[in-house]
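This briefing covers one helix and a set of charged side-chain pairs. Look over the sequence and the structure first.

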Amino acid sequence: MFAITGASGQLGRLVITQLLKTVPASQIVAIVRTPSSVADLAAQGVQVRQADYNQADAVQAALQGVQRLLLISSSEIGQREAQHRNVIQAAKAAGVQLIAYTSLLHADSTPLALAKEHLATEQMLRDSAIPHAVLRNGWYTENYLASLATALQHGAVLGAAGAGRISSASREDYATAAAIVLKAADAAGKVLELAGDDSYSLSELAAEISAQSGKTVQYQDMPTAAYQAALESFGLPAGFAALLADSDEGASKGGLFDDSRTLSQLIGRATTPFQTSLKQALTALPAA
């Protein structure tokens, strides 16, 4: 039986969609905080079990009968270490035979501060003695496309990445990889650096937005502190704004670049070009 934590999130849902192609719905467990958020999955026969990363006992109960677990990293920055410890300890007590964990690209060498909690989790997995695989995911292309409407409105992509190159892939690419690893007989012990086949700078992203939208959009590079302040002015919480600004600074130092093509080799096809993801995002925008 397979289980996915954070199954109501965008990545979790995509992983379940991939698993459903080859795994009976009854053998998939969606672990969520709010069961009603995945009523559609329950209607397909997926087992829905309620648990929160903060509730070790509930997680252990939700993992009963589960052999393989995808631990999708918590979205609560600063609380991940304790939350992931709860899940790992619960998995050990429940007899889970494999954990696949979504970490960060080059977590052991990246300049991104985001790596700290991921590295701590990777160490917990080693200490647990549970067979595990580490999926060191690069940036999702959607991370940048989330602000597409704002970029079009103001004619600018803001950032602090300089000329740093970003090897992003679509969320669906990473979900496909996670489903493959979760089912693989030889997954245990692997640390996979996963990123897009091709890379781009934010200047190139802005140019592509201009080309596809017909509106002039330019990249405005800013000092990290100024970029963080701009994000906060847009209504982002200070901690999250600081994280995004630091990640952009890390990108300027090569922290989001990888040319190993490990992801495309794993999923058996090329990763989704950022141009394709951009086209889909533009199509999804409400008509002006």
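A salt bridge here is a side-chain nitrogen of Lys or Arg within 4 Å of a carboxyl oxygen of Asp or Glu. The model is predicted, and a search of the whole structure finds 12 salt bridges.

**Salt bridges**

- Arg13 and Asp40 form a salt bridge, with N and O 2.8 Å apart. The pair links distant parts of the chain, since Arg13 sits in helix α1 and Asp40 in helix α2, 27 residues apart.
- Arg13 is partly exposed at a relative accessible area of 24%, and Asp40 is partly exposed at 37%.
- Arg165 pairs with Glu204, the closest N and O atoms being 2.9 Å apart. Arg165 lies in the loop between β7 and α8 and Glu204 in helix α9, so the salt bridge ties together parts that are 39 residues apart in sequence.
- Arg269 and Asp173 also meet in a salt bridge, at 2.9 Å from N to O. Arg269 is in the loop between α12 and α13, and Asp173 is in helix α8, 96 residues apart.
- Arg269 counts as partly exposed at 34% relative accessibility, whereas Asp173 counts as buried at 0%.
- Asp108, Glu122, Arg136 and Glu193 are joined into one network by salt bridges that share partners.

**Helix α9**

- The buried residues of α9 are Leu202, Leu205, Ala206, Ile209 and Ser210. Seen down the helix axis, they fall within an arc of 140°, so they line one face of α9.
- These buried residues pack against several elements, including α6, β9 and α13.
- Gly214, just after α9, takes a positive phi of about 80°.

Notes
Residues numbered from 1 in each chain as written. Predicted model: local features only at pLDDT ≥ 70, side-chain atom pairs only at ≥ 80, totals over all residues. Heavy atoms only, no water. Buried < 20%, exposed > 50% of the residue type's maximum accessible area, 1.4 Å probe, protein only. Helix = DSSP H or I, 4+ residues; strand = E, 2+ residues; numbered from the N terminus. Arc of directions from axis to C-beta. Contact = heavy atoms within 4.5 Å.
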